[in-house]
Amino acid sequence: MERRTIGAGALAVGAVGLGCMPMSWAYSGSRQRGDESLRAVHEALDLGVTLLDTADMYGPFTNELLLGRVLRERRAEAFVSTKVGLLVGDQHIVANGRPGYVKRACDASLRRLQTDVIDLYQLHRADPEVPVEETWGAMAELVQAGKVRALGLCAVGARGGRRSGARLHDATLRQLRRVQQVFPVSAVEAELSVWSPEALESLLPWCAARGVGFLAAMPLGNGFLTGTLTPGEGFEPDDLRARHPRFTAEMMAANQPIVAGLRRVAGRQEGDGVTAAQVALAWVLAQGAHVVPVPGAKQGRWVAENAGSVEVRLSAEDLAELGGLPAAEGSWD
């Protein structure tokens, strides 16, 4: 597996990471199987997929517990990224960035993950009731205490902080400028894929100019870009896609030309069996040496397929064709 670096501290990780959220949260609960997920994490480490991305809110808590079962045996092989700042209630999610809470949450994550240090501790969302500098300062104290190696920030998202005429990541950039005055940002995690390329406009260049790593979340478009989802097939009620505007039958059908473009490019790659998903990930990898896609997966076969994307070499023609695919239809909010 090719290695890439995160932040000025040159923290080395496999070029493709593993998003662990689907193993425990947000996707169809009936398809979540602990033993299968454990095998998937082991498969990832066997293949050099070292960055394991989780959060205390996934489950909540159960995703970190699951990873802890692997880390107690293979901690030296893994790069652990987890997040803080969001609390999950029965029907809602709220932010908590109070310094005391952040420190307690870190200790709890360390216990669940069965480790004495978190490689990358990310602020999931800033608390609107707490100056982000205070939250970030508490996280910096965790680095100084040896509990955390580096800090990262997750993008605000499509809904948060948008003003009329504002670009998607303006709010995130404002936060980054503020926290950089307190302690260095080593990584930013934000969505990036061929159907959600907005980070290319300003966020990705900001990271590149400062030596900040970029973790590309949802590089497979919540599964849509794999070409394995059938429009109109539906999702289980607990699956986030059941309520997502881009995953209605109408919008999935309208966006099929994007999948068709990925398949065309896959079809002319050298070797047998290159998939649309691998091309989608290869496109993300081609956006910069500081970019690490973090596709979610809960089965070993998908982990292996995703890892194989590092072998796909897209030509200038391929990149031009992918860059010219039609914009996705349907709101992402």
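In what follows, Ala, Val, Leu, Ile, Met, Phe, Trp, Tyr, Cys and Pro count as nonpolar, Asp, Glu, Lys and Arg as charged, and the others, Gly among them, as polar. The structure is a predicted model. It has 11 helices and 12 strands. Eight of the strands form an open sheet with parallel pairing, and the structure also holds one cavity of 30 Å³ or more.

**Overall dimensions**

- The protein has a radius of gyration of 19 Å, which agrees with the value near 20 Å that a compact globule of 333 residues would have.
- Along the principal axes, the C-alpha atoms fill a box of roughly 50 × 50 × 40 Å.

**The eight-stranded sheet**

- Strands of a sheet pair through backbone hydrogen bonds, either parallel or antiparallel.
- In this sheet the pairing is parallel, and the strand order is 3-4-5-8-9-10-11-12.
- Strand 3 (18–19) and strand 12 (291–294) are the edge strands, each pairing on one side only.
- Strand 8 (residues 118–123) and strand 9 (residues 148–154) run parallel and are joined by five bridges.
- Within this pair, Gln-122 has Gly-152 in strand 9 as its bridge partner.

**Helices on the sheet**

- Helix 3 (residues 99–113) packs on the sheet and touches strand 5 (79–84), strand 8 and strand 9.
- The direction of helix 3 makes about 140° with that of strand 8.
- Helix 4 (residues 132–144) lies across strand 5, strand 8 and strand 9.
- Helix 4 runs at about 155° to strand 9.

**The hairpin of strands 1 and 2**

- Strand 1 (residues 3–6) pairs with strand 2 (residues 11–14) in the antiparallel sense, over four bridges.
- Thr-5 stands opposite Ala-12, which is in strand 2.
- Four residues lie between the two strands of the hairpin, and Gly-7 takes a positive phi near 75°.

**The loop between strand 4 and helix 2**

- Pro-60 is in the loop between strand 4 (51–53) and helix 2 (62–74).
- The peptide bond that joins Gly-59 and Pro-60 is cis, with omega about 0°.
- Phe-61 lies in the loop between strand 4 and helix 2 as well.
- Although Phe-61 is not a glycine, it has a positive phi of about 75°.

**The cavity**

- The largest cavity contains about 40 Å³ of space.
- Its lining consists of Val-16, Gly-17, Leu-18, Val-49, Pro-295, Ala-297, Val-303, Asn-306 and Ala-307.
- Helix 10 (residues 300–307) supplies the largest share of that lining, with three residues.
- By class, seven of the lining residues are nonpolar, two are polar and none is charged.
- Gly-17 and Asn-306 are in the lining, and both count as polar because neither Gly nor Asn is among the residue types listed as nonpolar or charged.

Key: Residues are numbered from 1 along each chain as its sequence is written. This is a predicted model: local features need pLDDT of at least 70, side-chain atom pairs count only at pLDDT 80 or more; totals for chains, interfaces and linings use all residues. Side-chain values use heavy atoms; hydrogens and water are left out. Two strands pair if DSSP finds at least two bridges between them. On a 1 Å grid over the protein atoms alone, a cavity is a set of points where a 1.4 Å probe fits but cannot get out, and a pocket is an open set with protein on both sides within 12 Å along at least five of seven lines; lining residues have an atom within 4 Å of a point. Grid points are joined across faces, edges and corners, and a volume is the space filled by probe spheres set on the points. Contact means heavy atoms within 4.5 Å. Axes are lines fitted to C-alpha atoms, for helices over the stretch in contact, and angles run from 0 to 180 degrees between N-to-C directions. The radius of gyration is taken over C-alpha atoms; the globule rule is 2.2 Å times the number of residues to the power 0.38.
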